[in-house]
Amino acid sequence: MIRLQDSTINLNLYILLSMAAIYSITITFVAGYNVDVYSKDESPFGISYSDWIAKFWNWDFSIKIDPQTNTFAGLSENGCMLHREESMVMLVDTAAGGIWHQKCTISHKEGILIPIWTGECNAAEKGCIGYSFEQLLKEARGFDLGKVKGGVKVDNVPIAKLDVVDYTTNIMNNVTEVYTRQFNAILPEGGHIPTEKFGTYPAAAHGWFVFLKPLHPGNHTVYYQNTVEPTTLSGAGNINTAQFTYTFKVE
């Protein structure tokens with residue numbers, strides 16, 4: 001029988017214990033990082049994705065343009081622009097463009113709706129007047145054509161990723177693509193969406209969203225971004241670049 005020297009045994013034992021410690025730390029870190037998203041088969045807080053997006057768009061319709069900054073009224077660096085709808089917090093539409101940092105306080109009971117890229121069509125909008133629901137939905141999807149890429153990070157950890165070219169989906173991780181049912185678009189005077197009329201009109205929407213489940217109490221950052229580039233189908237005007245970082249105090 002070959003007897004190993006004590007120094008060799010001690011060295012091997014040290015290596016094994018060190019590897020076990022590293023493994024333990026790694027497993028603890030991953031398991032402890034408990035950020036989750038609602039899947040495509042769920043209805044967050046008992047409400048369908050279609051209805052959530054309808055609520056999102058009716059908030060979006062209400063936003064005016066600030067003539068001094070030429071962007072969404074109420075959106076300012078280190079401000080807090082979001083919308084609370086029942087148990088969901090809705091973040092700013094990436095169509096606003098630019099690089100923005102927001103600081104907000106939310107509840108550990110609230111989910112977070114994050115728009116990566118979305119379009120809509122309503123019967124008061126130029127080019128959609130008199131459209132049937134099927135036509136409205138087709139037009140809404142058409143507004144989302146192009147090379148669309150986006151992602152979401154929570155506390156600097158990648159949570160979701162999107163890569164779509166026109167009607168071809170290359171990557172859609174933890175992202176929900178939504179085609180809404182027909183809903184009532186409430187169009188106020190002075191809103192940023194170009195319309196021919198004001199009032200309530202039938203509408204449809206399409207888009208890619210991330211629905212975060214409520215975050216644990218504490219300080220968190222939620223970062224989301226997109227880039228949209230034109231294709232032959234989308235036309236030259238479908239361009240966007242946006243980066244939003246929300247620093248949340250979750251109570």
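For sorting residues by class, Ala, Val, Leu, Ile, Met, Phe, Trp, Tyr, Cys and Pro count as nonpolar, Asp, Glu, Lys and Arg as charged, and the others, Gly among them, as polar. The exercises below concern a predicted model.

**Exercise 1.** Identify the residues that line the second largest pocket, and divide them by class.

*Solution.* The lining consists of Val-37, Tyr-38, Ser-39, Lys-40, Met-172, Asn-174, Val-175, Thr-176 and Glu-177. Under the definition above, Val, Tyr and Met count as nonpolar, whereas Lys and Glu count as charged. The division is therefore four nonpolar, three polar and two charged residues. The space in this second largest pocket comes to about 170 Å³.

**Exercise 2.** Describe the largest pocket by its volume, its lining and the elements that contribute to that lining.

*Solution.* The volume is about 530 Å³. Of the 28 lining residues, Trp-57, Ala-95, Trp-117, Thr-118 and Ile-193 lie nearest the centre of the pocket. Two or more lining residues come from each of α2 (49-62), β2 (71-72) and β6 (111-122), and β6 gives the largest share, with four residues. By class, the lining holds eleven nonpolar, eleven polar and six charged residues.

**Exercise 3.** Locate Leu-212 within the largest nonpolar core, and list its contacts beyond four places in sequence.

*Solution.* The largest nonpolar core has 63 residues, and Leu-212 is among those touching the most other members, together with Leu-91, Val-92, Val-222, Tyr-246 and Phe-248. Beyond its neighbours within four places in sequence, Leu-212 is in contact with Val-35, Asp-36, Val-37, Tyr-38, Gly-111, Ile-112, Ile-114, Val-154, Ile-159 and Val-222. Another core, of six residues including Cys-121, Cys-128, Leu-136 and Leu-137, lies apart from the largest one.

Technical notes
Residues numbered from 1 in each chain as written. Predicted model: local features only at pLDDT ≥ 70, side-chain atom pairs only at ≥ 80, totals over all residues. Heavy atoms only, no water. Core = buried A, V, L, I, M, F, W, Y, C linked by side-chain atoms within 4.5 Å. Buried < 20%, exposed > 50% of the residue type's maximum accessible area, 1.4 Å probe, protein only. Contact = heavy atoms within 4.5 Å. 1 Å grid on protein atoms, 1.4 Å probe; cavity = no way out; pocket = protein on both sides within 12 Å on 5 of 7 lines; lining within 4 Å. Points joined across faces, edges and corners; volume = space filled by probe spheres on them.
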